[in-house]
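Colleague: Please take a close look at one part of this model, the open sheet and what lies against it, and then turn to the aromatic pairs.

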Amino acid sequence: MKYLHLIRAALMRRKTRTVLTILSVLAAFLLFGLLDGVRVAFNSGGTLAGVDRLVVASRFSIIQSLPESLVNRVAAVPGVKLTTWANWFGGYYREQKNQMIIFAIGPDYFQAYPDYGVTPAMADALATTRTGVLAGKAVADRFGWKTGDKLPIMGSIFPNKSTGETTWTFDIVGVFQAPQAANRALEQQILLNWKYFDEANAYGGGQVGWIVAKVADPKHSAEIAQAIDALSANSDHETKTQTEQEFNLSFARQIGDIGLIVTAIIGAVFFTLMLLTGNTMAQAVRERIPELATLKTIGFTDAQVLALVFGESVLLILIGGLLGLALATLLMPIVTEASGGMIQLPPIGSRSWGMGIALMIAVGAIVGILPAWRAMRLRVVDALAGR
Amino acid sequence: MSALVEIRDLSKAYTRGRQTVEVLHHVTLDINEGDFLALMGPSGSGKTTLLNLIGGLDSPSSGSISVAGTRIDQLGGTALAKWRAAHVGFIFQFYNLLPMLSAQKNVEVPLLLTKLSAAQRRQNAKIALQLVNLADRAAHKPAELSGGQQQRVAIARAIISDPALLVCDEPTGDLDRQSAEEVLGLLQVLNREQGKTIVMVTHDPKAADHASHTLHLEKGSLVESPP
Ligand SMILES: Nc1ncnc2c1ncn2[C@@H]1O[C@H](COP(=O)(O)OP(=O)(O)OP(=O)(O)O)[C@@H](O)[C@H]1O
Ligand SMILES: [Mg+2]
């Protein structure tokens, strides 16, 4: 520890360079922190225990639907307090780039999801208007929609049975606003009556996309999920009951193996970082050869000089890395908040910190080993003579 | 007086590719305890080479050197480093201070290798700086000091662990006359009052006058007087 001021002095020798290096390390570990959050978010579907809403979907594919008749059987499972259901309805508004997030929802949907902030009056208006939809404030504001407007949507999958066309014309009967900032992402959605959707789409009725089951006691969620899946075991529509988070992720997982993508990005970033800082450290040692020779003259052993340079490298990476990870920790909730819950990044846990710190030490060691070796092998008489 | 440094039949050769150049030829020399020896000679005659061997910075090709009874030519790298830390102080032409550290911290550096506490290190360095008359410059960095002042800081650093032997390679080579005199006066005081044995390489006859005697190196061999 008493040698620390020597390391500090070495780092302060070129403040600008040290600061820039620390910043690049910081950026790399900030990215590591955020991406690790993404990776964790995508790999952990969350545990069933403690969750009061369960999503029952096809075990095989999220695009495979379930028979409507299953809803009542799920409702009859002991511990299930309330059931509702929904279907995904793909479509765009005017231009293909305006892809809308549209769900056809069953009755009682808002009882299961108070998060939407849909008032009883709005829910009533929807229920009593066959072609009615409720639009979230975000999407309504974006396109300037108001209650009472007609809303033409081009369906991407489902043609309208009565017109034979893919254009569906809805009536906006309300614009809802999520009360909590964390749920702002819900305001991107458009919700329509499942009953209308079911009758009017050309692909036949009686199908629901997924069923939502609200349980009475979250402590028993795991057992209830098992009981629900048992209902359709060995049928042609076997189900998988999961947390909402996991269900949402299965949509995102359609994009690809996020874990692999994240690992590849982190790998590339750290490869670059190691080349950069490795070069910086090599340069830093080259410049300090007379000083290192002086230390050896005074009686520092080769091993001590090696340790000094090695320590300098590890310390440099640790400073930048810890700052970066701390910043990521601070930013996570802000990203989650700013995205209105669209991006749900988990707080950086002790596992990520542990992994991050291990990574810092590893990078510092890899980057430091060659310059440290060079410093160790330095011959004093040659260095003193400037050879 | 007993010999502090005993050099016997010492040779040093450097190998450059296939060529071997012998820089020192069979040098035999005793340096007594309390001596202030000046080493003179033309450029390339091997003065620095000999001084580095005496200070344990390099190892000879053949022959022996013992300092205070220790055969330093037989010590390995790590043992030699530890021996240097305890027994020799070095003073160079260009001071070789660490540019990022204050005078005080520079003087403390050799003490990092001892068991002294931080407070003791600070205290000893303070005393050493007082000795070289730079107590008021303790907080200055080398760049904020004149050449003569830097060399005095280097002297304080060289004596901080109380070595018996000081080796100086052209300590006044980069100084003006007045600063040189100050530095030489200081070396004289250390030699006379503290009993330091000093070996000083110099090109300057006036500097050599401060020594108790002078030896000349000529193409790697000691000669009695200059040609
Ligand atoms: N590591 C080395 N490899 C090859 N030759 C060397 C090496 N070190 C010294 N020499 C050679 O040894 C000779 C003596 O060098 P040394 O530095 O001892 O001379 P010097 O008397 O101190 O000269 P100066 O007064 O210029 O400092 C020179 O010719 C030098 O080139
Ligand atoms: Mg020389």
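Modeller: In this predicted model, chain B holds an open sheet of six strands with mixed pairing, in the order β6-β7-β8-β3-β9-β10. The edges are taken by β6 (88-92) and β10 (221-223) of chain B; each has a single partner strand, so one side of each is left without a neighbour in the sheet. From one strand to the next, the twist averages 25°.

At one of these edges, β10(B) is joined to strand β9 (residues 213-218) of chain B by three bridges, and the two strands run antiparallel. Within this pairing, E218(B) has S221(B) in β10(B) as its bridge partner. As for what holds such neighbours together, strands of a sheet pair through backbone hydrogen bonds, whether parallel or antiparallel.

The other edge strand, β6(B), is covered in part by a helix: α5 (residues 147-159) of chain B lies across β6 and β7 (165-169) of chain B. The direction of α5(B) is at about 165° to that of β6(B).

The aromatic pairs come next. Over all chains, their count comes to 22. In one of them, the ring centres of F32(A) and F270(A) are 6.3 Å apart and the planes stand at 90°; the pair is therefore edge-to-face, since planes over 60 degrees apart count as such. F32(A) belongs to helix α2 (residues 15-43) of chain A and F270(A) to helix α10 (residues 258-287) of chain A, so the contact between rings ties together parts that are 238 residues apart in sequence. Both partners fall under the 20% limit for burial: F32(A) is buried at a relative accessible area of 3%, and F270(A) is buried at 6%.

A second edge-to-face pair in chain A is formed by Y93(A) and W145(A), with 4.9 Å from centre to centre and 85° between the planes. This pair, too, links distant parts of the chain, 52 residues apart. Y93(A) sits in the loop between β3 (80-92) and β4 (99-105) of chain A, whereas W145(A) sits in the loop between α6 (137-143) and β6 (150-155) of chain A. Y93(A) counts as buried, with 6% relative accessibility, and W145(A) is likewise buried, with a relative accessible area of 7%.

Ring pairs also build a cluster in chain A, linking F89(A), W168(A), F170(A), Y196(A) and F197(A).

Terms used
Residues are numbered from 1 along each chain as its sequence is written. Chains are lettered from A and ligands numbered from 1 in the order in which they are written. This is a predicted model: local features need pLDDT of at least 70, side-chain atom pairs count only at pLDDT 80 or more; totals for chains, interfaces and linings use all residues. Side-chain values use heavy atoms; hydrogens and water are left out. Two strands pair if DSSP finds at least two bridges between them. Helices (H or I, at least four residues) and strands (E, at least two) are DSSP runs, numbered from the N terminus. Axes are lines fitted to C-alpha atoms, for helices over the stretch in contact, and angles run from 0 to 180 degrees between N-to-C directions. Contact means heavy atoms within 4.5 Å. Rings of Phe, Tyr and Trp (its six-membered ring) pair if their centres lie within 6.5 Å; planes under 30 degrees apart count as stacked, over 60 as edge-to-face and the rest as tilted. Buried means under 20% relative accessible area, exposed over 50%, partly exposed in between (1.4 Å probe, protein chains only).
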